[in-house]
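User: I should like to go through the terms applied to this structure and see what each of them rests on. Please set each value against its definition.

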Amino acid sequence: MSIFYEIEFAKYILPYLATVSALVGKGTAGDALRYHLQTARQHGVTKEEMAALLTHLAFYAGWPNAWAAFPVAKEVYADTADAEGRGGFFGLGEPNDAYAKYFTGRSYLNVLSKPGEPLVICNVTFESGCRNFWHIHHAAQGGGQVLICVDGEGWYQEEGKAPQSLTPGDIVEIPAGVKHWHGAKQHSWFSHLAFEIPGTETSNEWCEPVTEAEYPQD
């Protein structure tokens, strides 16, 4: 980063981010927030930077306040979405090839956090009918996973329980040691934010695929 960019950021961009942060913290998601989001964009704040800001703010301002801001931000940055509008406000990302063997169907991954940050946050997008295999997040202490649904419609199911329908705004807290799966509905793309809860001796165990008989038919 050049010294010129640092000066420009501090002088022109940081004040708008600070204002947006204050409005989200107060739960203000109307015209005032829209105006300051538009102004921030006009002064060079990208969609990716705004998505990162709102995601991190959620842990301090609370997910209800942050979630109220997401639709406004999505509207302000609407013309920057990919041609198909997939991935919601957080973007489609790249094909999730590294984990493709654990998915039925095709998925995409957009890593939102920066290298070295203690909490890795990813936007995972599933094509229609795509779902991951049954799996378990293990931990000696702590651990588990949280899903924040951001676009489309999907399913979440824990072993021994009925499937749970998911739509934008739904939050799923998955304790360590619980066998589960999640993915898109048969006729809808689906995106959720996913982050692992910090813990000790954490690991992920992939199990068998979700069968056609287990997978809900919308």
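User: What makes the crossing of α3 and α4 right-handed or left-handed?

Analyst: The crossing of α3 and α4 is right-handed. A crossing earns that name if the near helix is turned clockwise from the far one by less than a right angle, and is left-handed if it is turned anticlockwise. The model is predicted, so local features require pLDDT of at least 70 and side-chain atom pairs pLDDT 80 or more, whereas totals for chains, interfaces and linings use all residues. Residues are numbered from 1 along each chain as its sequence is written, and side-chain values use heavy atoms, without hydrogens and water.

User: Why are α3 and α4 called roughly antiparallel?

Analyst: The axes of α3 (residues 47-61) and α4 (residues 63-76) cross at roughly 155° and come within 7 Å. Axes are lines fitted to C-alpha atoms, for helices over the stretch in contact, and angles run from 0 to 180 degrees between N-to-C directions. Angles over 145 degrees count as roughly antiparallel, under 35 as roughly parallel, 65 to 115 as roughly perpendicular and the rest as oblique. The two helices are therefore roughly antiparallel to each other.

User: Which residues of α3 and α4 meet, and of what class are they?

Analyst: L54, T55, A58, F59 and A61 of α3 meet W63, N65, A66, A69, F70 and A73 of α4, where contact means heavy atoms within 4.5 Å. By class, this contact has nine nonpolar, two polar and no charged residues. Ala, Val, Leu, Ile, Met, Phe, Trp, Tyr, Cys and Pro count as nonpolar, Asp, Glu, Lys and Arg as charged, and the others, Gly among them, as polar.

User: What makes α2 oblique to α4?

Analyst: α2 (residues 31-42) packs against α4 at an angle of about 45°, with the axes 10 Å apart. That angle makes α2 oblique to α4. The contact is made by L33, R34, L37, Q38 and R41 of α2 with A69, V72, A73, E75 and V76 of α4. It has six nonpolar, one polar and three charged residues. The crossing of α2 and α4 is right-handed.

User: How do you know that β3 pairs with its partner strands?

Analyst: Two strands pair if DSSP finds at least two bridges between them; strands are DSSP runs (E, at least two residues), helices are runs of H or I of at least four, and both are numbered from the N terminus. Two bridges join β1 (residues 94-95) to β3 (residues 107-111), and five join β3 to β4 (residues 121-126). Both pairings therefore meet the criterion, and both are antiparallel. The bridge partner of E94 in β3 is L109, while N110 stands opposite N123 in β4.

User: What makes the approach of N110 to F90 a polar contact?

Analyst: The side chain of N110 reaches the backbone oxygen of F90 at 2.5 Å. A polar contact is a pair of N or O atoms within 3.5 Å; within protein, one must be able to donate a hydrogen and the other to accept it, and residues adjacent in sequence count only if both atoms are side-chain atoms.

User: Why are β1 and β11 said to stand at the edges of the sheet?

Analyst: The open sheet has six strands in the order β1-β3-β4-β13-β8-β11, with antiparallel pairing. β1 and β11 (171-174) each have a single partner strand, so one side of each is left without a neighbour in the sheet.
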